[in-house]
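Here are some friendly notes to read alongside the structure. Keep the viewer open and find each part as you go.

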Amino acid sequence: MMKCYCKSGNDFKKCCEPFLKKKRRAKTPEELMRSRYSAYCVKNSNYLVKTTYPKNRTESLKQDVENWGNSVEFYKLEVINSFENQVEFKAFYRQEKEECIHHEKSDFKEENGIWHYEKGQVL
Ligand SMILES: [Zn+2]
């Protein structure tokens with residue numbers, strides 16, 4: 001069994017994979033955030049576009065996501081705080097052998113029971 005990329009400690013098959021395979025929909029901002037992190041790990045840019053709030057999907061979004069995702073290697077996620085529609089996290093990655101941290105507070109938006117990533121503030 002493969003542990004999930006998002007470091008929940010659960011098996012990938014029972015954690016983020018069902019979201020990435022569109023078998024389940026995230027019920028909370030944290031679930032969505034974790035699944036988006038896993039999407040970066042497996043380079044699923046379609047999922048990242050689909051889970052972005054529709055009005056915030058820029059024309060270059062898919063390409064931007066792919067360029068960023070291809071230039072880095074994520075290896076750890078830490079969810080620091082999850083409250084209402086906000087999730088603060090640290091994503092650890094390597095870029096050209098440098099170890100880096102992406103620290104972000106993300107805002108999520110729910111409409112008709114569907115959560116989307118709205119925007120993020122890099123800390
Ligand atoms: Zn997961």
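1. Start with the sheet, remembering that this is a predicted model. Four strands make up an open sheet, and their order across it is β1-β2-β3-β4, with antiparallel pairing. Which strands stand at the edges? They are β1 (73-83) and β4 (114-122); each has a single partner strand, so one side of each is left without a neighbour in the sheet. As you step from one strand to the next, the twist averages 30°.

2. Now look at the pairing of β2 and β3. These two strands run in the antiparallel sense and are joined over 10 bridges. For a pair to find in your viewer, try E88, which stands opposite K105 in β3. The hairpin of β2 and β3 has two residues between the strands, and in this hairpin E96 takes a positive phi near 50°.

3. Move along to the other side of β3. How many bridges does strand β3 (residues 98-111) share with β4? The count is eight, and the pairing is again in the antiparallel sense. You can locate two facing pairs here: D107 stands opposite K119 in β4, and K109 has H116 of β4 as its bridge partner. In the hairpin of β3 and β4, there are two residues between the strands, and N112 takes a positive phi near 50°. Try putting the two hairpins side by side: E96 belongs to the hairpin of β2 and β3, while N112 belongs to the hairpin of β3 and β4.

4. Next, add a helix to your picture. Helix α2 (residues 29-41) lies across β1, β2 (86-95), β3 and β4. Relative to β1, this helix runs at about 170°.

5. What about the nonpolar core? The largest one has 24 residues, and the members that touch the most others are Y5, C6, C16 and Y37. The elements giving two or more residues to this core are α1 (17-20), α2, α3 (45-50) and β2. Which of the elements gives the most? That is α2, with six residues.

6. Finally, zoom in on C6, one of the core members named above. Leaving aside residues up to four places away in sequence, C6 touches C15, C16, R34, Y37, S38 and L77. Among them, C16 and Y37 may look familiar, as both were listed with C6 in the core.

Definitions and conventions
Residues numbered from 1 in each chain as written. Predicted model: local features only at pLDDT ≥ 70, side-chain atom pairs only at ≥ 80, totals over all residues. Pairing = 2+ DSSP bridges. Axes fitted to C-alpha atoms, helices over the stretch in contact; angles between N-to-C directions. Contact = placed C-beta atoms within 7 Å. Core = buried A, V, L, I, M, F, W, Y, C linked by C-beta atoms within 7 Å. Buried ≥ 20, exposed ≤ 12 C-beta atoms within 10 Å, placed from the backbone.
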